[in-house]
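User: I would like a close look at one part of this model, set against the rest of the chain. Please keep the account plain.

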Amino acid sequence: MNVELMLLTVLQGLRTQILDAGMLFFTHLGDAGFIWAALTAVLLVFRRTRRVGCVLAAALLVDAVLCNLILKPLVARIRPCDILADVQLLISRPDDFSFPSGHTAASFASVTALWLAGKKQWALAALPLGVLIAFSRMYLFVHYPTDIIGGVLLGVGCGWIGAKLVEMFWQKNFAKSDL
């Protein structure tokens, strides 16, 4: 058994009803980037936060394309729950590939986008949620630690790209006035 599977097996030994419920809660917040998409929608509604919402939307869009449409099929990594099929899953088995973690990538794209959009306090408040969403994916035995690391790195990159795209767009189209 490789080191990553050993670590995931150790995490399975930590399972309790309370931790199970907590990890299910956090992972479901990250399903399809739900919490981050909801935050984006709220930010886009208000003129005062629209630019931040645009940065967040751009980061999440870049992340969705790179993570789900390009990297997952390209790498095609089998999930740990498919390797050790005797582990009892608390969620439905995901039907896509393992690398990188989409939940993690969306979370860290969002945290990075908030930071780079000038909302550092919001980013610092969102960071623990992103970390808990990422950890929940290992706890639930659907991602390897390197999937999480890959998701963090991809997410940070997507947050940066999203911020740069919006900055270029804003300078070109709204240099004299904001939305």
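Is G157 buried, exposed or partly exposed?

Analyst: G157 counts as partly exposed, because its relative accessibility is 28%, and the range between buried and exposed runs from 20% to 50%. The model is a predicted one, and the helix that holds this glycine is α8, which covers residues 145-173. G157 can be placed against another part of the chain through A113. The two residues are 44 positions apart in sequence, and their C-alpha atoms are 9.6 Å apart. Helix α6 spans residues 102-116.

Helix α8 also contains W170. In contrast to the partly exposed G157, W170 is buried, because its relative accessibility is 6%, and the limit for a buried residue is under 20%. W170 can be related to an early part of the sequence through R51: the separation along the chain is 119 residues, while the C-alpha to C-alpha distance is 8.5 Å. Helix α4 runs over residues 50-75.

A contact also joins W170 to C54, a residue of helix α4. With neighbours up to four places away in sequence left out, C54 touches L44, V166 and W170. C54 is partly exposed, because its relative accessibility is 23%. Of these partners, L44 lies 10 residues from C54 in sequence, with 6.8 Å between the two C-alpha atoms. Helix α3 is made of residues 34-45.

The other helices give some further points of comparison. A125 belongs to helix α7, residues 120-139. A125 is exposed, because its relative accessibility is 57%, and exposed means over 50%. A125 and V111 are separated by 14 residues in sequence and by 8.8 Å between C-alpha atoms. T27, in helix α2, is buried, because its relative accessibility is 0%. Apart from neighbours within four places in sequence, T27 has contacts with I91, H103, S136, R137 and L140.

The loops contain several backbone features that can be checked on the model. A32 sits in the loop between α2, residues 17-30, and α3. Phi of A32 is near 55 degrees, a positive value in a residue that is not glycine. A32 is exposed, because its relative accessible area is 83%. A76 also has a positive phi, near 55 degrees, and is likewise not a glycine. The loop that holds A76 is between α4 and α5. A76 is partly exposed, because its relative accessible area is 30%. Further along, in the loop between α5, residues 80-83, and α6, is P100. The peptide bond that leads from F99 to P100 is cis, with omega near -10 degrees.

For the whole chain, the count is 8 helices and 0 strands. The order along the sequence is α-α-α-α-α-α-α-α. The protein is as compact as a globular protein of its length, because its radius of gyration of 17 Å is close to the 16 Å that the globule rule gives for 179 residues. The C-alpha trace spans about 60 × 35 × 25 Å along its principal axes. Of the contacts with a separation of 6 or more, 78% are between residues 24 or more positions apart. The pair C54 and W170 is one of the contacts described above.

Buried residues, W170 and T27 among them, make up 44% of the 179 residues. The accessible surface comes to about 9,500 Å², and carbon and sulfur atoms account for 70% of that area. The charged side chains number 15 positive and 11 negative, and the centres of the two sets are 15 Å apart.

As for confidence, the mean pLDDT of the protein is 94, and 97% of the residues reach at least 70. Among the elements, helix α6 has the highest mean pLDDT, 98, while helix α1, residues 3-12, has the lowest, 93.

To return to the part asked about: G157 is partly exposed at 28%, and W170 of the same helix α8 is buried at 6%. Through W170, helix α8 is in contact with C54 of helix α4.

Notes. Residues numbered from 1 in each chain as written. Predicted model: local features only at pLDDT ≥ 70, side-chain atom pairs only at ≥ 80, totals over all residues. Heavy atoms only, no water. Helix = DSSP H or I, 4+ residues; strand = E, 2+ residues; numbered from the N terminus. Rg over C-alpha atoms; globule rule 2.2 N^0.38 Å. Buried < 20%, exposed > 50% of the residue type's maximum accessible area, 1.4 Å probe, protein only. Contact = heavy atoms within 4.5 Å. Areas by Shrake-Rupley, 256 points an atom, 1.4 Å probe, with all protein chains shown as cover. Lys, Arg positive; Asp, Glu negative; His and termini not counted. Charge placed at Lys NZ, Arg CZ, Asp CG, Glu CD. pLDDT = per-residue confidence, 0-100.
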